[in-house]
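User: Hello! I am new to this structure and would like a friendly walk through it. Could you take my questions one at a time?

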Amino acid sequence: MKKIFLLLAAAAVTFGAAAQVDFSNEGLRYWRQNHQMRDASRFHLDSPIKQAPAPKGEAKYTGMPNDTFWFPGEWEEVQAIVVTPYYAYYPTQGNYQVADPVVPGYAYYYQSYYSRTPSGIGPYGAMMDTADASGIGDVAFYLMDAIQLGGAQAWVRVEQLSDSAIVKRKLARMGLRNDNMRFIEGPGNSFWYRDCGPICFYYGEGDTVGMLDFEYYPGRALDDSLPVYINRQMGLPNFTTSIEWEGGNCLVDGTNMVISSDAIYDNNRDTYGQITWDGVNTSTINYQNKPSLTNARVKDSLRALIGPRATYILPAFQYDGGTGHIDLYADMISENQFVFSKMPDIYSSWNDYSVGNKNMDSLCSYESYFGENYWCSYIPFPSRDNGGNFSSQTQYDQQYTRTYSNHTFVNNVIIQPCFSEVDSTGMPSATWDKENICKLKNAYPGYTIYCVDVRGFDGSGGAIHCITKQIPAEHPIRILHSEYHDSVSTVWLSQSAPIYAEISNVDGIAEAKIMYRINEGDWLSTNLNPDPSDNSYNGVLPTTLGQVGTRFDYYITATSNAGKTITKPMTATQGGYYSFCIGGHLGIEEADTEENFGQFFPNPASDRASMIIDLGNGADYNVSIIDLSGRTIHTSSLKASGKVVYNIEASRLAAGQYTVVFSNSNERVVRKLIVK
């Protein structure tokens, strides 16, 4: 895949001499460009010296455990995030320019950056970029800070443990957090830890945290060893599979559903498997052959390993930096909802514009754990530095591959890529960038958004999600709930609204409640009552206390017998609660009236959205436009007769999902509108 971005020295270094690293060297840029291509491992396979795996360590298990298992959604509680600082590697002997690590302590040697064939193999040195000379170095340190802000540990991979002191000094100089960290010692090739790292899951009656380690492609053998180091040094069980897959090409919903793109098929068509090495003589480095797998075999394996409830493989983007990764445009905020980066219509001639729209439609047509279609919202698409459009699909592919979707959840924090300098308020300094982040906040209510300028590795095929790896929390409180929201729900006044959730924890649940408020009044609570036969909990919201148009905000809170408390959503106390307006009990006459209201077209809309309404002999409605956070941003009235065209100037609204409510004393009609 394109995401290689090899970390190499930029000047010749002779044996015993101090490293001279020029990260901006033109030759280094040439080297990276030539390695940022789809299936870049083929470059290495043409070389006379074969790459080898990392340490000769064995994984603890193969396959998956026989116990019940589940893969948590990324929005769920985490204990740690794995990252690494940027390293440059250099030869320590001979007259060479380039060192490219292949096994612990040994690297390819190249005479120049323009060489396609290594000249030999020998020891190498590693130099951490603490001056941000590469344009990438500081990003890793901001990530460490944001991880700790989110209440998780930063697990930092370093070449040697002595580098941990360098990391902490750098964080202190930058005024960043450095008191909740652990260090993983071991060599590596790069920093794409989403892709080469394990996919974590829970298994057994105790919800034990385990790792499932897929093969990373052959050209990144030292990166492929990351799960081995985590297993050895952090103690997490490591299960392995021979299926080749990259973690950025994975979305899970926390209920054994997995989504990927068909790039996974490409990964498994060749016959190059993992590498054997005796750990002593470099002459023993060799690839093992593996069978070429059919698409059906790959999908069946993915279904058995991760997605026994549902497994979906979508067409990959062709102009996304060469990754084929679904995380460049699709994200999940809960087990019920997708958030998409949608290209604006100005790019409608692009191949990936139509691929993306079809994929988004497909995702929203699938059934969630609760048997309902997933619902979706949209976030903006980035621009060039000047706020202008990309000139072509090729320019975007080769120079930018920007996306706001490629972020990382850390409990109630989102580490968010942006594309201009971050100012003293924590927001991007470019006007267009700041406006987009403000719109993005509406799609992720309650989250603290920690912006990081990632232009240092623009065009490499990824951003923050691709270089971070979540480690789930121990003893999770799992809460599954299909929430009420305006775009799908009409709750009757004649009865209270039923609330259903599945709640579990290895220590047992001491208490579960619904917290609610009416029209932004004081927060009140009502119990969720357990069913002794399973993990289900039932309760009600007293919607009979309201009237048509009354707004209810609510969330679920659960406390384990061990004293741990979690809310659903996790950001509920920061404003990320569920929100809906109640509606009247619809009789037959009103139901007929509902049919007289059409749907908005076009939808999504960018300029004007229209709806045909048949008001018969005449009717009078109040009209409210409500955003995803539950705020009523516009009100008006509609009084007319016969067939009318009702218009909304979408160009005056921020991009996102809106609920348009037509109501009077007898009825309430709800329509969804998406603005792009």
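Analyst: Happy to help; the turns below go from the overall picture to single residues, and the model is a predicted one.

User: How many helices and strands are there in the protein?

Analyst: Let us begin with the chain as a whole. The protein has 676 residues, and 60% of them count as buried. As for its elements, the count comes to 12 helices and 39 strands.

User: What share of contacts between residues at least 6 apart in sequence join residues at least 24 apart?

Analyst: A contact here is a pair of heavy atoms within 4.5 Å. Taking contacts in the protein between residues at least 6 apart in sequence, the share that joins residues at least 24 apart is 73%.

User: How much of the accessible surface belongs to carbon and sulfur atoms?

Analyst: The accessible surface of the protein is about 25,200 Å² in total. The part belonging to carbon and sulfur atoms is 45%.

User: Over which residues does pLDDT stay under 50?

Analyst: The average pLDDT of the protein is 85, and 86% of the residues score at least 70. One stretch under 50 is residues 31-60, where the model has 105 contacts beyond four places in sequence. Another stretch has a pLDDT below 50 and 10 contacts beyond near neighbours in sequence: residues 584-592.

User: How should I treat places where pLDDT is low?

Analyst: A little caution helps here. Where pLDDT is low, the predicted coordinates are not something to read in detail.

User: How many disulfides does the structure hold, and is Cys196 buried or exposed?

Analyst: Cys196 has 1% relative accessibility, so this cysteine counts as buried. Cys466 is buried too, with a relative accessible area of 0%. The number of disulfides in the structure is 0.

User: Which residue does Glu74 meet in a salt bridge?

Analyst: A search of the whole structure finds 17 salt bridges. In one of them, Glu74 sits in the loop between β2 and β3, while its partner is in helix α5, 120 residues apart. That partner counts as buried because its relative accessibility is 3%. With N to O at 3.5 Å, the residue that Glu74 meets is Arg194.

User: In the salt bridge of Arg309 and Asp253, is Asp253 buried or exposed?

Analyst: The closest N and O atoms of Arg309 and Asp253 are 2.7 Å apart. These two residues are 56 residues apart, with Arg309 in the loop between α8 and β17 and Asp253 in the loop between β13 and β14. Arg309 has 31% relative accessibility and so counts as partly exposed. Asp253, at 0% relative accessibility, counts as buried.

User: Which residues do salt bridges that share partners join into one network with Asp458?

Analyst: Asp458 and Arg402 meet in a salt bridge, 2.8 Å from N to O, and this pair links distant parts of the chain, 56 residues apart. Asp458 is partly exposed because its relative accessibility is 21%, whereas Arg402 is buried because its relative accessible area is 1%. Through shared partners, the network joins Asp458 with Asp385, Arg402, Asp453 and Arg455.

User: Which residue has its backbone nitrogen 2.9 Å from a polar atom of the side chain of Asp195?

Analyst: Asp195 lies in helix α5. At 2% relative accessibility, under the 20% limit, Asp195 counts as buried. The backbone nitrogen at 2.9 Å from a polar atom of its side chain belongs to Gly248.

Methods:
Residues are numbered from 1 along each chain as its sequence is written. This is a predicted model: local features need pLDDT of at least 70, side-chain atom pairs count only at pLDDT 80 or more; totals for chains, interfaces and linings use all residues. Side-chain values use heavy atoms; hydrogens and water are left out. A disulfide is a pair of cysteine sulfur atoms within 2.5 Å. Buried means under 20% relative accessible area, exposed over 50%, partly exposed in between (1.4 Å probe, protein chains only). A salt bridge is a side-chain nitrogen of Lys or Arg within 4 Å of a carboxyl oxygen of Asp or Glu. Helices (H or I, at least four residues) and strands (E, at least two) are DSSP runs, numbered from the N terminus. A polar contact is a pair of N or O atoms within 3.5 Å; within protein, one must be able to donate a hydrogen and the other to accept it, and residues adjacent in sequence count only if both atoms are side-chain atoms. Accessible areas come from the Shrake-Rupley method with a 1.4 Å probe; for residues, only the protein chains shown count as cover. pLDDT is the predictor's confidence in each residue, from 0 to 100.
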